[in-house]
Every structure is written in C-alpha cells, then in structure tokens.
Number of protein chains: 2
Amino acid sequence: MAEGGAPVTMNDVARLAGVSTATVSRVVNGRYGVSASTIAQVRSAIERLGYESSLVATSLRRSRTNVLGLVTHSFQSYTAEVLKGVMEALRQSGFDLIVYANGDLYGTYSEGWEQRHLTRLSGTLTDGCIVLTPWGEVRSSTPVVVIDPAKDSAAPSVTADNLAGATAVVEHLLGLGHRRIGFIAGRSSLAAAWAREEGYRSALAEAGVRVDPTLIGRGDFNPESAVPLARALLDRADRPTAVFAASDGMALKTLEVAKDLGIDVPGDLSVVGFDNIPESALAEPALTTVDQSMYRLGYEAARMLKSLVSGEWEGPSHIVLPTRLVIRGSTASPARP
Amino acid sequence: MAEGGAPVTMNDVARLAGVSTATVSRVVNGRYGVSASTIAQVRSAIERLGYESSLVATSLRRSRTNVLGLVTHSFQSYTAEVLKGVMEALRQSGFDLIVYANGDLYGTYSEGWEQRHLTRLSGTLTDGCIVLTPWGEVRSSTPVVVIDPAKDSAAPSVTADNLAGATAVVEHLLGLGHRRIGFIAGRSSLAAAWAREEGYRSALAEAGVRVDPTLIGRGDFNPESAVPLARALLDRADRPTAVFAASDGMALKTLEVAKDLGIDVPGDLSVVGFDNIPESALAEPALTTVDQSMYRLGYEAARMLKSLVSGEWEGPSHIVLPTRLVIRGSTASPARP
DNA sequence: CTGAAAGCGCTTACAG
DNA sequence: CTGAAAGCGCTTACAG
C-alpha cells in the first residue's frame, strides 16, 4: 500500500493540468464543450495523480448517485442469500450497492436503527434503499423497499407467503397423525411472525383441532429465545408430539433441547422450522422446514427498487413470493402410545 | 412509508428552534457550551422534524467518521462468512460498517475495481477499509487491510496458511496411495493460488513423486473455469486417480464432470477442494477440503483495521491463520488396477 | 470553450 | 453561550 498522504482532489488535478476545477469536472463526467487538447491535458493529469472522484462530495452536490443502499443490522446466513439476489438484480444495471450495518451483531441493537441508518444514507448518498426486517414503519425522502416488513407497514415490500407456508407445515403434521402440536412464535411486531402464527391457528381450526394456548410459546426469532420455551413445552407430562418453530434458528435450538432431555427426534417428537437456512440441512436429524428463497426476496426487492428509483414501477407495491415445504428427517408419525 | 419530500436538514432544525446551525451542530454532537434551555429547544425541534444528520455532509467536513469500509466485487458464500467475522469484531466498537459492491456479480468485473471503490470511499466516507481478494496492489490515504492479497502485495493483510493446507491435501492423497494427482490451479495473480500450487508441487517433490505438468490445469477460481480442465484431465486414458482443485467451487464442478463421464467418486477418482464452503458438505459425495475459516479471516482483518485506524497497531502487518484438512466422502484409496 | 461563483449539509475556528 | 463565516470536494448555472 502506498501510504498516499492526503487523497488526491479535483483541485490537485486542476492545478497540474492548468485549468479550473469546473473543467476537470466536465472531463470527468464526459460533458460536452471541452476542447480536445484540454481533455487530453486533464486526462493525463488524472492518470498521473491516480485521481478518483470522491463519492461523498459528488453525492452531496448531485441529486442522483446511481448507488442503491441496503440497511441491515446484522449479517446472518439469510442476509448473504438476500445480498446475492440483490446483486444479481443489479448486475449491469449501472447501480452500485452500499450495505450499511451497525456495529451490533444481534440482540442488543437499539430500536429504530433502520430509520436512523436510512435517513443518514438517503439524504444524498443513495438513490433508494432496501431495508431488511425493520422493527417498525420506515419513512424516507427516497424510494424504499422493505424485505419482511413490520406488521401493518404500508411501505412497498417483498415478503414470503408466510401464511401458506405455515399452513402447509401444520397440514403436513396433521397428515402424519399429530394432534398436539406446539408452536414457538416469532417477534410479533413482524408481519411474518403474525402470518406464521395465523397459519398455525387456522390450519388447526380447519382440521377441527382446538388451539391449546398453553402449547404456544412467545419467542422473538432470536434462536436463544426458544430455549426456555422449548424446555417448558417438552418438560411437561402431556408434552406435544410435534413442535413447529417460526424460524429455523429457533427450531434448531428446540432440537438441542430435545436431545438434552433424551427425547428422540423424530421418534418421540417431530420438529419443524421456517426459512430453510443452510444449517438446517446439516442438522441431525435434518430439519423439515419451509423454504422462502431469501435469494428471490432480495432479487425482487432490488428489481422493484430500481424501477421505483427510475419512476417506472407499474406493479403492486406489495409482492408476495411463494414458499415451499421441505420435508426432511425431523418429522414422522407420532409414536402410538 | 411517509414520502417525506425533501430530507430534513440542519437548517430546518435551526429555523424551527430559532438558533444557528452552528448551535444545532453543537447539540447534535454533544459539545460543551450550550445552555440547557437551548439544548432543550433544539432537541425538541430535532424530535419534531425527525432530523438525522447526513452521513455524507458530516463525513465531508470531518476527518473521522467512525465508519469502516469493506470493498468486494460480489457476494458469495464466503463473503457472508467474512462479513459475519467482521461484524463480530466491530461489535460495540463504535464503528459502523459500509460494504461497497459494484454491480457485477462475477466474471466480467473490470480490473481495478478495488482501487476505484477504495479511493471513492476512503476520500472521506470511511476511516479505513478492508479489501476482499483484489486483483492487484492497493493504495489508499487511509489504512487498508487486504484479505487474500494479490501476489507480492505489500499491504497489511490477513490470509490463510494456504501452503500448509495444500501440503496437507497432497499428503492425505499420497497416504491413501495416490501417485497420479491432478491439480486445477486458481487465478495466479492471487497469492493464495500461488501458495496452493506451491504446496501441491512441494509435497509431491517431498515424496519423490515427479510433477507431471500435463496433470496441471490453469483455472481462475471461477467454478466454470474448471469444467473444460476437469474434462481434459478425466478424458485421457491415463487419467489421474485423484484431482485436487484449488477451490471448492472448482472441485464441485469436477465432481459434476466425473459424474457426466460415469466415473465413480471416490471409487475411481478422489476429489479434493479448498475453502470449505457450505455447499461442500452437502455435495454427493461430500467433499474433502481445506477449511480456512473465512469468519476468522474477517474477524482478524477487522481487528487489525480498528487498531490501524486508532494508530495503535503493534502486531505484524501480515497475519497468517491456520488451515484444517476436512476429510469427507470424496477421497479414498485408488482402485487397484 | 472556459472560469468565477454559488451552494450541497455539515463542522469548526474565530469573534463577540 | 451563540452566531457569522470559511471550507470539506464536488457540480452547475451564469458570464464571457
């Protein structure tokens, strides 16, 4: 690394080329009305100094930056999947991507992070933003697309068909013969958590199975939150024969709790998750879950944001993507008593 | 989303609070020398307007932003692992993270992307940057740490012990009885590619096995680049009994080619990769590979960058992290002819 | 075809 | 304790 001292500014280039910064700016941005010889001089000065325009200064002055933002509070496996989809959609679109993450990995991040980051970026840096699983409603002076929005959020959003996914899970368990099915819910401020619980309740009701409130634990999607809930569910004499956790992270913890208690999965207990994170396929036994293609969520959100920024979006402002039940080794018929 | 019109500026706050922007700035940044009543007025105006300072404007004016950057050209699985490690190291450090990625997913990205992005960010936005697998040497006016540097790069870097990892692979294969071992190399501009090939060569030499140049294919780490190379290697009558590919992506493609050709792995052919990406454990058969903990690479790079930015780094400027051979189902003793 | 000047939203000496 | 002014690195009317 050449410890380059101060960065090279447009002023340095102007001085070396013997022109004004206005002219350098014109050359850098390919504007018309600069003589060929001046262009050559400026180009050579730029080359010699290794000049590159400052993203910050440019974006402060210009309205359009051709940079899209994505705001997240952490990098989990699903974040990576989302990012892959976003990048694919942005490929050769002329947009670069900036991901902004705050210094807190999980758990203790302050409420409202999404709004703070969004505002700080969208002032001038980005032309629009994707926000991943915010706590609440978001507002912005530039277009926003939310992936996995808060309950009752009006912002344009992309989300999986959580209701259908959860319904499929419960129907799968019912089909195997389960009747006492526990549920570990996610953070209720998220629309996804609400829809998954609704799917659980309605599928049971549909089958004429009474919803037993004592079989529902209130988690928050954080894997750790599931530990005491799973323990409470599995410790009781009349424990459920199956547990449906509203996320894979919580389901995997449930698997651990079952192991601790000496309960065999799937022999004595079926466990199902939601998300289909890579770890789920590797679990022992492999986890039955619902795939919601985070990749596609990212892809569609970026596609929508691009159009929104260009002012040419025609579609609906809430996109719902299909989910798919993935049956693996953690579910089986309940043991006959 | 409240379509907020123009973003709220410090000027708006100043006007509403009936003070100058200088005073607002002092309140926002918690500087001393503002009367309690003024603070209260400004705070209430901020609250009322939902003001958040512009990252861009602040960073243009200030020397320090408490934002660290990471420059990458794509999001692959390993990128996500690196990011997790980086975030863990930055946790509660007071630094936020900005990841900058250009709009090209793989393959066709223009050479020199890393330098362009680095310069654009480090002018003022970030206090320092991590650069992921650059094509060449990088220079910057602020501290830089390179993960997986280019060959002969002098910049501070964090890298896996590729030499030891590759050596372990070849020793494993030799131990199984293999003597004709093919190699699919990575992009030679990267130090990692060079070291992996060196490990391959020296381990063979060490065991008194002649290095057959026709058994070496020149890939570039891009999975697709391995397809014709693997085919050439496996199509010949005197094909190798084992192939060591310098990345998991290329090894997985080799597995596919073998399948196409009706060659049984590991019965007729052993295949080994390098990286240990999640997909490798899921392959059929599961891939023997070298784990280089991208998580730790990210963690250590961020730790180093933090200290470098604070001017308190004492350690070596090139960190080499241990690798670990992971033996799975894709390797076995060669069939006796 | 080119430059001087204003201004994007902030922060920071400098006065008062 | 507070404000007017300069300036961070750019871009864009406005003159010439």
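**Figure 1. Helix H10 of chain A and its surroundings.** Ten of the 13 residues of H10(A) are buried, so this helix is largely enclosed by the rest of the structure. A residue is buried if 20 or more other C-beta atoms lie within 10 Å of its own, exposed if 12 or fewer, and partly exposed in between, with C-beta atoms placed from the backbone. Helices (H or I, at least four residues) and strands (E, at least two) are DSSP runs, numbered from the N terminus. The model is predicted: local features need pLDDT of at least 70, side-chain atom pairs count only at pLDDT 80 or more, and totals for chains, interfaces and linings use all residues. Residues are numbered from 1 along each chain as its sequence is written, while chains are lettered from A and ligands numbered from 1 in the order in which they are written. Among the buried residues of H10(A) are A:Met250, A:Leu252, A:Leu255 and A:Val257, along with A:Asp248 and A:Lys253. The buried residues pack against strands E6 (181-185), E8 (242-245), E9 (270-272) and E10 (289-291) and helices H9 (226-235) and H11 (278-282) of chain A. After H10(A) comes A:Gly262, with a positive phi near 75°.

**Figure 2. Helix H12 of chain B.** H12(B) covers residues 294-310, and its end C-alpha atoms are 24 Å apart, which agrees with the 24 Å expected for 17 residues at 1.5 Å a residue. The expected span is 1.5 Å times one less than the number of residues. Of the 17 residues, 13 are buried, and the helix is mostly covered. B:Gly311, just after H12(B), takes a positive phi of about 70°.

**Figure 3. The largest nonpolar core.** This core has 90 residues, and A:Val86, A:Ile130, B:Val86 and B:Ile130 have the most contacts inside it. A nonpolar core is a set of buried Ala, Val, Leu, Ile, Met, Phe, Trp, Tyr and Cys residues joined through C-beta atoms within 7 Å. Beyond its neighbours within four places in sequence, A:Ile130 is in contact with residues including A:Leu70, A:Val86, A:Val145 and A:Leu305. Two residues are in contact if their C-beta atoms, placed from the backbone, lie within 7 Å.

**Figure 4. The side of chain B that touches chain A.** Here 57 residues of chain B are in contact with 57 residues of chain A. Elements of chain B that give two or more residues to this side are H4, H5 (77-90), E2 (96-101), H6 (113-122) and H11 (278-282). The largest share, eight residues, comes from H5(B). By class, this side of chain B has 29 nonpolar, 19 polar and nine charged residues. Ala, Val, Leu, Ile, Met, Phe, Trp, Tyr, Cys and Pro count as nonpolar, Asp, Glu, Lys and Arg as charged, and the others, Gly among them, as polar.

**Figure 5. The surface near DNA strand D.** Of the 26 residues around the strand, A:Met10, A:Ala22, A:Ser25, B:Ala22 and B:Thr38 come nearest. A residue is near a strand if its C-beta atom, placed from the backbone, lies within 6 Å of it. H2(A) gives the largest share of this surface, five residues. The surface has nine nonpolar, 13 polar and four charged residues.

**Figure 6. The surface near DNA strand C.** A:Ala22, A:Thr38, B:Met10, B:Ala22 and B:Ser25 come nearest of the 26 residues around this strand. H2 and H4 of both chain A and chain B give two or more residues to the surface. Five residues, the largest share, come from H2(B).
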